[in-house]
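Reader: I am new to this one. Could you walk me through how to read it, one feature at a time?

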Amino acid sequence: MIYIYNSFSRSIEELRTINKKKVGLYTCGPTVYSELHIGHARTFIFFDIFKRFLIKKGYSILHVQNFTDIDEKITRVAKNKKINERQLTEFIINEYHKDMEKLKIFKPDIEPLTSEYIQEIDKAINEMKNKSLLYKNGMDLFFDLSKIPNFITKIKYILDKSFPEELEKNNEMQNFIIWRYDDCSPYHIASGKGVPGWHVECYAMVNKNLGIPFDIQGGGTDLIYPHHIYEDAISIGIKDTEFARYYMHVAHLQFENRKMSKSDVNIIYLKDLLNKYGPDVVRLYLEASIHYREILSFSDKDITDMAIRIKSIKDKIKTIMEEKGGSSSIKMEILKNFYGKLEYDIDIPSAFTEFEQNIDLCLKNGVADIDKFKKEVEDISFILGVDFI
Ligand SMILES: [Zn+2]
């Protein structure tokens with residue numbers, strides 16, 4: 001059994017997928033106007049390890065991750081660089097794929113682009129219109145949250161202490177944009193020229209590729225509100241059902257006590273870190289230093305320490321293999337212990353420490369069955385995406 005923390009119920013729940021041994025996973029991808037920083041990488045690597053773990057547990061996964069290629073920031077950056085928007089988004093997507101490949105991240109099965117989903121978005125907008133969920137403000141279309149009974153109570157519960165009190169009092173604040181009118185936009189739907197809001201974009205992509213409800217919506221913690229909560233409102237409004245069964249969120253990364261974001265000057269680009277340390281160290285530093293729901297404070301010392309730990313484990317495994325395990329009658333269960341830690345809310349740091357300690361014991365006591373040892377280390381290497389053997 002696998003237990004995961006569901007941000008919407010705020011509790012650890014047993015993973016029960018809609019179809020047995022199948023997982024429908026949607027993660028919100030990048031808005032493609034600048035290169036990735038390591039805060040993004042933490043989320044992407046986490047879901048990669050999660051997927052690899054599910055595969056080893058016998059699940060098949062349908063993973064959808066979008067690229068938001070319509071956004072004001074894209075327009076602005078393209079203008080500054082004196083290139084057209086398509087040139088910019090294609091370049092950034094290409095760089096993104098190269099980074100993901102270097103990081104050994106499995107490619108999502110489907111990577112939809114907003115610009116290719118205008119028809120699907122239009123379909124959702126029509127459904128919302130038919131259910132009187134929208135209102136016009138000037139030429140823009142807004143979602144009227146008051147049409148969803150008790151939704152503020154739900155937001156209050158999910159956000160708990162971080163619930164913005166003014167949200168309860170201010171009706172304007174509760175409503176969110178579905179379609180922004182723009183006469184210069186190349187995108188055209190029945191409501192006119194314009195661009196879609198972000199929440200309806202992901203709704204349409206999930207609806208088309210996974211169906212609603214689906215199993216797991218993932219992303220960084222900053223997406224809980226408003227993005228994931230408002231996708232859910234759209235789903236309840238149109239289909240009278242919750243959007244996803246589980247919501248998994250990876251905490252952000254901070255640098256000198258500040259959250260790292262694209263607008264920050266203290267940004268650490270993934271490329272620089274990859275060039276300096278390589279994929280194994282980057283993967284395990286971001287995922288095995290601290291649990292994914294805890295904020296990670298970037299430190300050069302910590303990442304160097306992680307590099308030393310990984311090198312030491314690889315050296316010890318090499319010695320064990322060269323000595324063919326030595327002579328021992330002690331049966332080690334390296335993999336079982338490793339799985340045990342991951343099964344309870346994907347505790348990668350504890351699983352990794354367990355693995356490290358078991359390798360020490362194997363080196364000290366020898367291993368009874370060298371083939372079994374090799375197979376177990378290979379399985380762990382697969383899940384972490386690090387070649388220990
Ligand atoms: Zn999204």
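Author: Happily! Keep in mind that this is a predicted model. Let's begin with overall size: a compact globule of 389 residues would have a radius of gyration near 21 Å, and the chain has 23 Å, so the two agree. Along the principal axes, the C-alpha atoms fill a box of roughly 80 × 45 × 35 Å.

Reader: Which secondary structure elements does the chain have, and how many?

Author: There are 15 helices and 14 strands.

Reader: And what share of the residues is buried?

Author: Buried residues account for 39% of the 389 in the chain. You can also ask how far along the sequence contacts reach. Taking contacts between residues at least 6 apart in sequence, 74% join residues at least 24 apart.

Reader: Into which domains is the chain divided?

Author: Domain 1 covers 15-259 and domain 2 covers 302-384. Their C-alpha centres lie 38 Å apart.

Reader: How many residues of each domain are in contact with the other?

Author: On the domain 1 side there are 5 residues, and they are in contact with 7 residues of domain 2. Sorting by class helps too: the side of domain 1 that touches domain 2 has 3 nonpolar, no polar and 2 charged residues.

Reader: Now for helix packing. At what angle do H11 and H14 pack?

Author: Look for two things, the angle and the distance between axes. Helix H11 (residues 279-288) packs against helix H14 (residues 348-365) at about 120°, and their axes are 8 Å apart. Roughly perpendicular ends at 115 degrees and roughly antiparallel starts over 145, so H11 is oblique to H14.

Reader: Which residues meet where H11 and H14 touch?

Author: From H11 come Leu-284, Glu-287 and Ala-288, while H14 brings Ile-348, Pro-349 and Phe-352. By class, this contact of H11 with H14 has 5 nonpolar residues, no polar ones and 1 charged.

Reader: Can we finish with a single residue? Where is the place of Lys-156?

Author: Lys-156 sits in helix H5, which spans residues 151-159.

Reader: Why does Lys-156 count as partly exposed?

Author: The trick is to count neighbours. A residue is buried with 20 or more other C-beta atoms within 10 Å, and exposed with 12 or fewer. Lys-156 has 15 C-beta neighbours inside 10 Å, so Lys-156 counts as partly exposed.

Reader: How many Å separate the C-alpha atoms of Lys-156 and Gln-87?

Author: Those C-alpha atoms are separated by 42 Å, with Lys-156 and Gln-87 lying 69 residues apart along the chain.

Notes: Residues are numbered from 1 along each chain as its sequence is written. This is a predicted model: local features need pLDDT of at least 70, side-chain atom pairs count only at pLDDT 80 or more; totals for chains, interfaces and linings use all residues. Axes are lines fitted to C-alpha atoms, for helices over the stretch in contact, and angles run from 0 to 180 degrees between N-to-C directions. Helices (H or I, at least four residues) and strands (E, at least two) are DSSP runs, numbered from the N terminus. Angles under 35 degrees count as roughly parallel, over 145 as roughly antiparallel, 65 to 115 as roughly perpendicular and the rest as oblique. Two residues are in contact if their C-beta atoms, placed from the backbone, lie within 7 Å. Ala, Val, Leu, Ile, Met, Phe, Trp, Tyr, Cys and Pro count as nonpolar, Asp, Glu, Lys and Arg as charged, and the others, Gly among them, as polar. Domain bounds come from an automatic or database domain assignment. The radius of gyration is taken over C-alpha atoms; the globule rule is 2.2 Å times the number of residues to the power 0.38.
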